Amino acid sequence: MEEIKELTEHYRLTPGASNAEQRLPLPLLVTQMIDIATRHANMLGFGSDIMDPQGLGWVLSRLTVQMKRWPCTDSDYSITTWIESWNRRFSSRCFCVADGEGNILGYMRTVWMVIDVRTHKGVTTDRLNFRESLISERGCPIPLQDRHITLETLEHGTEQGVLSRSKYTFRYTDIDFYRHVNTVRYIELLLNQYTLSDFDACRIHRFEIAFMREALYGQEAVIHKLRHVEEMPADDFVITVEEVPVLRARIRLQLRGE
C-alpha cells in the first residue's frame, strides 16, 4: 500500500453550486471535505473496502472550519488533507483550502471515530491497517475547538445574550446511508437560524460543531441559540432531541470586507 501522506483534490465553483453571496457554501465545502477524507482513507488501506466487510464505518465527531476568504463563483480552488494524529478511539485529520494560485484561504480540523454500523456504537481502531508512518509532519495553524456551552448555561445564562428556540422534525432527505441525520443537514439547519440579510452583511469566519449522539428520522429537534459575548461575539447552539443534547456548535461571523 503506497503511503501517500497528503491528498489534494481540485474543484471549480459553478454558479449552480454557489450560495446567495456567490461564494462557496459551507455545506458544500464540508461535503467535499468528507469525500476527500474518504478517498484518502481508501488509498491508505482503512477505507470502505476494508471496513465494510467488518461492519465498521467512520463518522465525524468534531469539525472546526476557519476561513480567511471563501472561493467565489467561477473560481478554482483545492482541498488538501492529511492525518494529524491517531489513537485507539479517534483519528484527527486536517485540511487546507487554497485558491487556484495556491494562496491559502483557510483550514479545517476534524476528529473521526469508528462505529459498528449495526449497533451505531463506537469501537476501537485496532482492526484497521494504520501505521505511524502515515501521520504527516504538516501542522494545522488554527486553534482547537473552544469549550462549548452546556444546556445548563442555556437555561440559566441568559445574561450572555438573547436566547431563542426553534423546532424541526428530521425528514427523509436529512438521513444518510447510516440511517441517521447527515452532518451536512445539521449544518444547514444551523445556518437557517440566520436571515439572508445576516449573510449579506457577514461571512462565516469560524464554525465549530461537536457531536454527542445521533438523531434519527422522525425525531423532533429543538435548536437553542444564545449569543456568546467575548472579544468577538459568536452564536452558540445546542440541538436537543427529547431534551438530550445531540450536538453543540459555535458560529463566529465577520463583517464582509474585514
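Me: Which residues do ring pairs link into a cluster with Phe-46?
Reply: Happy to start there, keeping in mind that this is a predicted model. A search of the whole structure finds twelve aromatic pairs. Ring pairs join Phe-46 into a cluster with Trp-58, Trp-86 and Phe-130.

Me: What is the geometry of the aromatic pair formed by Phe-46 and Phe-130?
Reply: The two ring centres are 6.2 Å apart, and the planes make an angle of 55 degrees. Planes under 30 degrees apart would count as stacked and over 60 as edge-to-face. The Phe-46 and Phe-130 pair is therefore tilted.

Me: How many residues apart in sequence are the parts that this pair ties together?
Reply: Phe-46 belongs to the loop between α1 (26-44) and α2 (48-51). Phe-130 belongs to the loop between β6 (121-123) and α3 (151-156), so the pair ties together parts separated in sequence by 84 residues.

Me: Is Phe-130 buried or exposed?
Reply: Its partner Phe-46 has 1% relative accessibility and counts as buried. For Phe-130 the relative accessibility is 16%. The cut-off for buried is under 20%, so Phe-130 also counts as buried.

Me: Which type of aromatic pair do Trp-58 and Trp-86 form?
Reply: Their centres lie 5.7 Å apart, with 75 degrees between the planes. Trp-58 is in strand β2 (residues 56-67) and Trp-86 in strand β3 (residues 76-86), 28 residues apart. Both tryptophans are buried. The type of this pair is edge-to-face.

Me: Why is β3 largely enclosed by the rest of the structure?
Reply: Strand β1 (residues 6-12) runs antiparallel to β3 and is joined to it by seven bridges. Nine bridges join β3 to strand β4 (residues 90-99), also an antiparallel pairing. As for burial, β3 is largely enclosed because of its eleven residues the number buried is eight.

Me: Which residue stands opposite Ser-85 in β4?
Reply: A hairpin of three residues joins β3 to β4. On the β1 side, Tyr-11 has Tyr-77 of β3 as its bridge partner. Opposite Ser-85, in β4, stands Ser-92.

Me: What separates the C-alpha atoms of Ile-187 and Leu-26?
Reply: Ile-187 sits in helix α4 (residues 183-191) and is buried, with a relative accessible area of 0%. Leaving aside residues up to four places away in sequence, Ile-187 touches Leu-26, Pro-27, Val-30, Leu-63 and Phe-207. Ile-187 and Leu-26 are 161 residues apart along the chain, and the separation of their C-alpha atoms is 8.0 Å.

Me: Which residue has its charged end over the ring of Tyr-194?
Reply: That charged end sits 4.4 Å from the centre of the Tyr-194 ring. The residue is Lys-225.

Key. Residues are numbered from 1 along each chain as its sequence is written. This is a predicted model: local features need pLDDT of at least 70, side-chain atom pairs count only at pLDDT 80 or more; totals for chains, interfaces and linings use all residues. Side-chain values use heavy atoms; hydrogens and water are left out. Rings of Phe, Tyr and Trp (its six-membered ring) pair if their centres lie within 6.5 Å; planes under 30 degrees apart count as stacked, over 60 as edge-to-face and the rest as tilted. Helices (H or I, at least four residues) and strands (E, at least two) are DSSP runs, numbered from the N terminus. Buried means under 20% relative accessible area, exposed over 50%, partly exposed in between (1.4 Å probe, protein chains only). A charge sits over a ring if NZ of Lys or CZ of Arg is within 6 Å of the ring centre and within 35 degrees of the ring normal. Contact means heavy atoms within 4.5 Å. Two strands pair if DSSP finds at least two bridges between them.
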